[in-house]
Amino acid sequence: MTDQITLTRPDDWHLHLRDGAMLAAVLPETTRHFARAIIMPNLVPPVVTSADAAAYKARIMDVMPDGADFTPLMTLYLTEETDADDVAAAHASGLISAVKLYPAGATTNSASGVANFDKVRSVLERMAEIGLPLCVHGEVTDADVDIFDREAVFIERVLDPIRRKTPDLRVVMEHITTSDGVDYVKSADHNLAATITTHHLIINRNDILVGGIKPHYYCLPVAKRESHRLALRAAATSGDARFFLGTDSAPHTDPNKLSACGCAGCFTAPNTMAILAHVFEDEGALDRLEGFTSLHGPAFYRLPVNEARITLTKGDPAPQPEKLITAEGEVTVFDPGFDLLWQVGA
C-alpha cells in the first residue's frame, strides 16, 4: 500500500488572491504548496491594462511571505475596449501569461466583461499571432438559458465560433463543470485545454441544495449533476495532458457568503493537495497526480517544469483548519466531507 508519494512541486492555473488585507491573508495558503499560479484579474476595478497588472503584481510581491518561492503569473481582464497593442507589449515584456475572458455578468466582479464578442476580435487575432493564451469563463448569461446549461450553450454559441474564426488562438476552458466541456476538449487535438477545480471533483448540486442550502459549496460555475462530476473525475485522473489543475480558490468572508445574496466561491488553497491525493487514490490513479498538478499545465503554457519537489504522506486523519482569520473577517475553508489522510510534508 502506498503511503508516501513525491511530486514535482505543483502549480495552480486559476487562482483568486483578491487585494489588500485579504491578499495578505490568503497568499501564504498558496505559496506553501504551489510554485506558480495564474492570478485572476477580476478586482474592483479590474486589471485591464499592463499598468494595472504591473501595479497588482507589485502589491502581491509586497506581501509575499518571507522565504516563499512563488511566482504570480499575471493576467489581463478582457473588455470591449482592450488595446491589442497594450496586450502584446505586456506579453512581450513577460508581465502577463494570459488574458481572461469573462462574459459580462457571469460571475464575481464580471460586470466589465464582454457582451459583444465581435468587439474583441482584433485582440483575439493578435493573441493568436503571438501565442498568448485566452482563459475563458465558459458560461453564457442569457436570461433564457438555465444556469445548469450555461456551459454547454457557451461552447455552442460563443467558444466554438471563436475558435473556428481564430483557429490559432490557444484557449483554456477554465473550471469546466460538465461532460460537455470534457467532450469538447477531447474533440480538439491542439490549442485547447481545460482546468478542473478541486471542489468540482468532490461536490455535485445535491451537496449544495439537499437538506438545506450549503452556502460554502456555492460557486460559479455552479456544481452540476453527479454524472458530470464523475466525468470530471475521469478526465482529471486519465493522464490526458489537456486537463490540469486550476483550483479557482476564491476566498470570501463568512458574512458575504452567508448573506441574502451570497458570494460564489470555494476557498480550497489550504487543503487542495490533500484532497486531490484522496481523489486520485480513490480512482486508482496516484501515479497520474503529478501530471495533473505539476506537468500538464506548464506544457500548455510553454513554461519549464518546476525543479522543486513536494512529498505527501498518508497517515491518521489530521486536524484541518475550518477558518482562516483575516483582517476583513473569517473565511471558511472548503470541507470535502471526509477525513484527509494525505498531508504535504513540511
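This report walks through the overall fold, three helix pairs and a handful of single residues in a predicted model.

## The whole chain

Let's start with the big picture. The chain carries 11 helices and 13 strands. Its radius of gyration is 19 Å, close to the 20 Å that the globule rule gives for 346 residues, so the chain is as compact as a globular protein of that length. Laid along its principal axes, the C-alpha trace spans about 55 × 45 × 45 Å.

On the inside-versus-outside count, 57% of the 346 residues come out as buried. As for how the chain folds back on itself, take the contacts with a separation of 6 or more: residues 24 or more positions apart account for 74% of them.

## Helices α3 and α4

Helix α3 covers residues 84-92 and helix α4 covers residues 121-130; their axes come within 9 Å and cross at roughly 25°. Angles under 35 degrees count as roughly parallel, and that makes α3 roughly parallel to α4. The crossing of this pair is right-handed.

Who does the touching? On the α3 side the contact is made by Ala 84, Asp 85, Val 87, Ala 88 and His 91, and on the α4 side by Ser 122, Val 123, Arg 126, Met 127 and Ile 130. Sorted by character, the residues of this α3 and α4 contact are 6 nonpolar, 2 polar and 2 charged.

## Helix α6 and its partners α5 and α8

Helix α6 (residues 179-186) shows up in two of the packings described here. With helix α5 (residues 150-165), the axes come within 9 Å and cross at roughly 25°. That makes α5 roughly parallel to α6, and the crossing is right-handed. From α5, the contact draws on Glu 151, Ala 152, Ile 155, Leu 159, Asp 160 and Arg 163, while α6 brings Asp 180, Gly 181 and Tyr 184. This α5 and α6 contact splits into 4 nonpolar, 1 polar and 4 charged residues.

The other partner is helix α8 (residues 226-236), which packs with α6 at an angle of about 35°, the axes being 8 Å apart. Here Ser 179, Asp 180 and Val 182 of α6 meet His 228, Ala 231, Leu 232 and Ala 235 of α8. The breakdown for the α6 and α8 contact is 4 nonpolar, 2 polar and 1 charged. Asp 180 is worth a click in the viewer: this α6 residue takes part in the contact with α5 and also in the one with α8.

## Two partly exposed helix residues

Ala 24 sits in helix α1, which runs over residues 20-31. Its relative accessibility is 33%, so Ala 24 counts as partly exposed. Ala 24 and Thr 326 are 302 residues apart in sequence, yet their C-alpha atoms are 8.4 Å apart in space.

Arg 157 belongs to helix α5. It has a relative accessible area of 46%, which puts Arg 157 in the partly exposed class. Setting aside neighbours within four places in sequence, Arg 157 is in contact with Asp 142, Asp 144 and Val 145. As for Asp 183, it is 26 residues away from Arg 157 along the chain, with 16 Å between the two C-alpha atoms.

## Backbone oddities

Most residues other than glycine have a negative phi, and most peptide bonds are trans. A few spots in this model go the other way.

Two of them are cis peptide bonds. One joins Val 44 and Pro 45, with omega about 0°; Pro 45 lies in the loop between β3 (36-39) and α2 (50-62). Another runs from Leu 220 to Pro 221, again with omega near 0°, and Pro 221 is in the loop between α7 (205-209) and α8.

Then there are positive phi values outside glycine. Asn 191 has a phi of about 65° and lies in the loop between α6 and β8 (192-196). With 16% relative accessibility, Asn 191 counts as buried. Arg 302 has a phi near 60° and is found in the loop between α11 (289-301) and β10 (309-314). Unlike Asn 191, which is buried, Arg 302 is exposed, with a relative accessible area of 59%.

Definitions and conventions. Residues are numbered from 1 along each chain as its sequence is written. This is a predicted model: local features need pLDDT of at least 70, side-chain atom pairs count only at pLDDT 80 or more; totals for chains, interfaces and linings use all residues. Side-chain values use heavy atoms; hydrogens and water are left out. Axes are lines fitted to C-alpha atoms, for helices over the stretch in contact, and angles run from 0 to 180 degrees between N-to-C directions. Helices (H or I, at least four residues) and strands (E, at least two) are DSSP runs, numbered from the N terminus. Angles under 35 degrees count as roughly parallel, over 145 as roughly antiparallel, 65 to 115 as roughly perpendicular and the rest as oblique. A crossing is left-handed if the near helix is turned anticlockwise from the far one by less than a right angle, and right-handed if clockwise. Contact means heavy atoms within 4.5 Å. Ala, Val, Leu, Ile, Met, Phe, Trp, Tyr, Cys and Pro count as nonpolar, Asp, Glu, Lys and Arg as charged, and the others, Gly among them, as polar. Buried means under 20% relative accessible area, exposed over 50%, partly exposed in between (1.4 Å probe, protein chains only). The radius of gyration is taken over C-alpha atoms; the globule rule is 2.2 Å times the number of residues to the power 0.38.
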